[in-house]
Amino acid sequence: MYKYSLHKKSIKHKCPQCKKNKLVRYIDTENDNFLSSKVGRCDREVNCGYHLTPKAYFKNQNIPYTPFTNQNQLVVVKKTSFHSLNELSDTLDNYEKNNFIQFLDSKFNSEQVSILLNDYRIGTATSWNNGTIFWQIDYENKIRGGKIILYSNQGKRTKYINWKHSLKIKKGEIESFNLSQCFFGEHLLSKYDKPIAIVESEKTACIMSILFEKYLWLASGSLGGLNAKKIKVLKNRKIILYPDLGLEGKNGSPYTKWKSTSEKLKLKGYDIKVSDLLKEKGSRIEREKGFDIADYFLKSIEEKPKRILSKTNQKALKMYMKNKHIKTLIEVFNLTDVKGKVIRFE
């Protein structure tokens, strides 16, 4: 058993590098005490990338490093905790107070939003500022966690994030909870026989599930949330990754990180690739802001094309006038007409 690990509750501390309260510190698993305030990993993986491991810290301090606990100790494997169906069902209401749902209602028709809510089982945390609950339900329909995120009236994510089990612990309803995360939307694998598209955020998966129904959209929850353990359930499915935009820092960009992960998974037999659409189309400003594919779509919805470049594409203009998402769909996914000709806007 490893002697040191990142704190499971992911309590945030001040990062020594970027000075933001985004550092998750390492603890000694034998006594649950934190190591030095410098030993940890910053959640701002792209914009900061700070990560000082216990091994590196002890080496710098000329202190002997022991990576494992006493080998004679009995290794206790903690069982994964789950939420009840009643807990989930009780949150499927109060959408008029849920900023994220109200944002979706302002962008899409009620039928589309209703299908989304029914599929992804999105809830409202009435006990925590009516935040949006993204339930993580695995392929066996077991409810592994409820991630709560607060959004502004414009659908912008704030810095406030919580978990349903953390609220229960704080209220004294339970003593502990062993969170073992899965993909957001994983429970839909048995319902939809579609290629899998994976993005980082739950919000992006929701929006893209409405805009581009060709794929089943899943969310990893973070840049580091795409890993070998989580992706096992997708072994026999076709997978395409859509990482967020980001600047190329010392630890690489979101694209290079997921590209590296995909290459390793290919060697293990996964049918997986990384889309470079945003990488090729994203501007410098969009990279600095960390745009994702949903941001790109939403930004383009109100942009009306000046004209179609050829007569064969006049139908596309008529389609655009009925549905303003069409232009972005065509441009981002390089869609063609029935004759295989690329549809171009000017």
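**Exercise 1. Classify N129 by accessibility, then describe its surroundings.**

N129 counts as exposed because its relative accessibility is 59%; buried means under 20% relative accessible area, exposed over 50%, and partly exposed in between (1.4 Å probe, protein chains only). The model is a predicted one, in which local features need pLDDT of at least 70 and side-chain atom pairs count only at pLDDT 80 or more, while totals for chains, interfaces and linings use all residues. Residues are numbered from 1 along each chain as its sequence is written, and side-chain values use heavy atoms, with hydrogens and water left out.

Step 1. N129 sits in the loop between β7 and β8; helices (H or I, at least four residues) and strands (E, at least two) are DSSP runs, numbered from the N terminus.

Step 2. The phi of N129 is near 60°, a positive value in a residue other than glycine.

Step 3. N130 is also in the loop between β7 and β8. Its phi is near 55°, again positive in a residue other than glycine. N130 is partly exposed, with a relative accessible area of 21%.

Step 4. A125 lies in strand β7 (residues 123–125) and is buried, with a relative accessible area of 4%. Not counting residues up to four places away in sequence, A125 touches N130, G131, I133 and I148; contact means heavy atoms within 4.5 Å.

**Exercise 2. Decide whether C18 and C48 are in disulfides.**

Step 1. A disulfide is a pair of cysteine sulfur atoms within 2.5 Å. Searching the whole structure gives zero disulfides.

Step 2. For C18, the nearest cysteine sulfur is that of C15, 3.8 Å away, and C18 is in no disulfide.

Step 3. For C48, the closest cysteine sulfur is in C15, at 3.8 Å, which is too far for a bond.

Step 4. C18 counts as buried at 18% relative accessibility, and C48 is buried at 8% relative accessible area.

**Exercise 3. Describe the largest nonpolar core.**

Step 1. A nonpolar core is a set of buried Ala, Val, Leu, Ile, Met, Phe, Trp, Tyr and Cys residues joined through side-chain atoms within 4.5 Å. The largest has 58 residues, and I198, W217 and I231 have the most contacts inside it.

Step 2. Helix α6 (residues 202–211) gives the most to this core, with six residues.

Step 3. Apart from this core lies another, of 15 residues, among them V24, V39, C42 and C48.

**Exercise 4. Find out what surrounds K230.**

Step 1. K230 is in the loop between β12 (216–219) and β13 (238–241).

Step 2. K230 is buried yet has no salt bridge; the nearest side chain of opposite charge, E202, is 7.7 Å away. A salt bridge is a side-chain nitrogen of Lys or Arg within 4 Å of a carboxyl oxygen of Asp or Glu. Lys and Arg count as positive and Asp and Glu as negative; His and the chain ends are not counted.

Step 3. Leaving aside neighbours within four places in sequence, the contacts of K230 include S220. S220 is in the loop between β12 and β13 and counts as buried at 2% relative accessibility.

**Exercise 5. Show how helix α5 is placed.**

Step 1. In α5 (residues 164–171), the buried residues are K164, H165, L167 and K168. Seen down the axis, they fall within an arc of 155°, so they line one face of the helix; the arc is that of the directions from the helix axis to the C-beta atoms.

Step 2. These residues pack against α2 (85–89), β8 (131–137), β9 (143–151) and β10 (157–163).
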